[in-house]
Amino acid sequence: MDYIIIFFLLSVYTWLYFFTRRSGLQKSGVATRLPPGPYPLPIIGNILELGDKPHHSLAAVSKTYGPLMSLKLRRITMIVVSSCEIAQEFFSKHDISFSSRSVPSAIRVIDSHNTSMVWLPVGDQWRRFRRICKEHLFSARQLDASRFLRKQKVQELLDFVHGCRMSGKPINIGETVAITTLNVLSNYIFSTDLAQYDSPSSQEFKNMVWAVMEIAGAPNLADYFPVLRSLDPHGLLRRSKFYNKKLLAIFEHYINELLHDLFLAGTDTTSNTLEWAMAELIHNPEKMLKARAEIKKGIGNDERTFEESDISRVPYLRAIIKETLRLHPLITFLVPHKAITDVEIKGYMVQTRRSCVTCGPWVKTQTFGRTHKGSSQRGRRRCLGLPLADILLHLMLGTLIHKFDWKIKGGIRTKDMDMTDKFGFTLKKILPLMAIPVKL
Ligand code: HEM
């Protein structure tokens, strides 16, 4: 009986504590004015609101609490931003204040937050990494100089697809374009291919990258209850160590931390975006026809392949890439930001203490094909690989749909394709796109 009374009193106390915080009144009388959000349960806070698809559950919750809301995840206050206007305020106006990272335990356990450009706080080492990338890899001059390399790698992709067409073999689109992307990056940096089409070791590499991304993005009780870290309730810390060790072993001969970051951040994002774009076009055949007709008209010569210089002549294809990024934002919540100073936004206070700022889920139209301006990333932590990814996405998609039509393995009708996504650090298709190239 005593236990029941103690539990009851504790619950009332916790509830009152959070209630007074939400309404902006603390004992001291200092207003904290957290953004609105669902009332937290005693002890576990709002952890249950996340579910196993946080990008869908938070989109639903934000319909009630608006585009700036807060959730209590035990010791972390999660600030969720889901409108472009407020995101701009965070990452343009208060960019420096939100330029740090909130680091999940699965990353801490492998010590990446001390060495990785993605997780380092803004400081000398992070600046040095970004400067190297900007000047030596992603500057307009460097991108222009490596045009021939991309052409050669996309030609190899085309040859592989031709071979599969001849034998009627289905292609795992995500895995295949991941190899093209990986080889573009590895030739860019060490003048050698790191992967081959149709090889089990390349497939293993892709699986490892996905495992690392899935682990980093998975909700983890150990993040909210540090006392559980040693128990590792979901096995995520153990798996994080295992896969990162394996990946580092693959790159051992070539790579330091900076390059490890680039391969990880660049391959999975680009290949999954391309896989979504292809899936949407196969799912919407009339859009595929329109895009192909535009490419043919833009090139004007059916013999040659689609090239980088053609990208400016195909506005519809460019809109398809933008629309894919809108409907399937690969890093749904950005890499979580952390405030380094307390900031007041829209009359609410975002505090440094244990804050974690995520952007998205965007409340959005779920059908593919909306015409829109597209959104761009802002702030000093914005993606620095996007100029390269942008070229590769247009080049690979244009090439794949210009020369071939595509059907789905197993004779599945295109309108019956499963377009469900799976939550991880990156958002991938739950079923990989297995498509068969068909001669036009
Ligand atoms: C379609 C492809 C891509 C998408 C959708 C994408 C998306 C993103 C997003 C959303 C962020 C986090 C921004 C933030 O937290 O504010 C990011 C960061 C980053 N991206 Fe990308 N990215 C792509 C391609 C690439 C490529 C090709 C590379 C390099 C080869 C790359 C390297 C990075 C790095 C290093 C960061 C961390 C930057 C920092 O924290 O300072 N990304 N990316």
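Let's start with one pair of residues. Asp405 has a bridge partner in strand S12, and that partner is Val438. Keep in mind that this is a predicted model.

Now widen the view. Asp405 belongs to strand S9, residues 404-408. S9 pairs with S12 in the antiparallel sense, over five bridges. S12 itself covers residues 434-439.

What else pairs with S12? Strand S4 does, and S4 is short: residues 171-172. The pairing is again antiparallel, this time over two bridges. Look for Asn172, whose bridge partner in S12 is Met434.

Put the strands together. You get an open sheet of three strands, in the order S4-S12-S9, with antiparallel pairing. Which strands sit at the edges? S4 and S9, and each of them pairs on one side only. A helix packs on this sheet too. Helix H8 touches S4, S9 and S12. The direction of H8 makes about 85 degrees with that of S12.

Stay with H8, residues 147-167. We will look at how H8 meets two other helices. A quick word on how to read this. Two packed helices are described by the angle between their axes and the distance between the axes.

First, H8 with helix H9, residues 173-190. The angle is about 150 degrees, and the axes are 10 Å apart. Why is this pair called roughly antiparallel? Because angles over 145 degrees count as roughly antiparallel, H8 is roughly antiparallel to H9. The crossing of H8 past H9 is right-handed. Which residues meet? On the H8 side, find Leu149, Arg150, Lys153, Val154, Leu157 and Phe160. On the H9 side, find Thr176, Thr180, Asn183, Val184, Asn187 and Tyr188. By class, this contact has six nonpolar, four polar and two charged residues.

Second, H8 with helix H16, residues 386-403. Here the axes come within 11 Å and cross at roughly 35 degrees. H8 passes H16 in a right-handed crossing. H8 brings Arg150, Val154, Leu157, Leu158 and Val161. H16 brings Ile391, Leu392, Leu395, Met396, Thr399, Leu400 and Lys403. The classes are nine nonpolar, one polar and two charged.

Next, follow H16 to another neighbour. That is helix H15, residues 315-327. The axes of H15 and H16 come within 10 Å, and they cross at roughly 115 degrees. H15 also passes H16 in a right-handed crossing. From H15, the contact takes Leu317, Arg318 and Ile321. From H16, it takes Leu393, His394, Leu397 and Gly398. Count the classes and you find four nonpolar, two polar and one charged.

Last stop: the ligand. How many residues are around the ligand? There are 25. Ala265, Gly266, Thr269, Cys383 and Gly385 come nearest. Two helices each supply at least two residues of this shell: H13, residues 257-283, and our H16. Which helix gives the most? H13 does, with seven residues. As for the character of the shell, 14 of its residues are nonpolar, seven are polar and four are charged.

So, three places to look at. Find the sheet with S12 between S4 and S9. Find H16, with contacts to H8 and to H15. Then find the shell around the ligand, where H16 turns up again beside H13 as a supplier of residues. Thanks, everyone.

How values were computed
Residues are numbered from 1 along each chain as its sequence is written. This is a predicted model: local features need pLDDT of at least 70, side-chain atom pairs count only at pLDDT 80 or more; totals for chains, interfaces and linings use all residues. A residue is near a molecule or strand if its C-beta atom, placed from the backbone, lies within 6 Å of it. Helices (H or I, at least four residues) and strands (E, at least two) are DSSP runs, numbered from the N terminus. Ala, Val, Leu, Ile, Met, Phe, Trp, Tyr, Cys and Pro count as nonpolar, Asp, Glu, Lys and Arg as charged, and the others, Gly among them, as polar. Axes are lines fitted to C-alpha atoms, for helices over the stretch in contact, and angles run from 0 to 180 degrees between N-to-C directions. A crossing is left-handed if the near helix is turned anticlockwise from the far one by less than a right angle, and right-handed if clockwise. Two residues are in contact if their C-beta atoms, placed from the backbone, lie within 7 Å. Angles under 35 degrees count as roughly parallel, over 145 as roughly antiparallel, 65 to 115 as roughly perpendicular and the rest as oblique. Two strands pair if DSSP finds at least two bridges between them.
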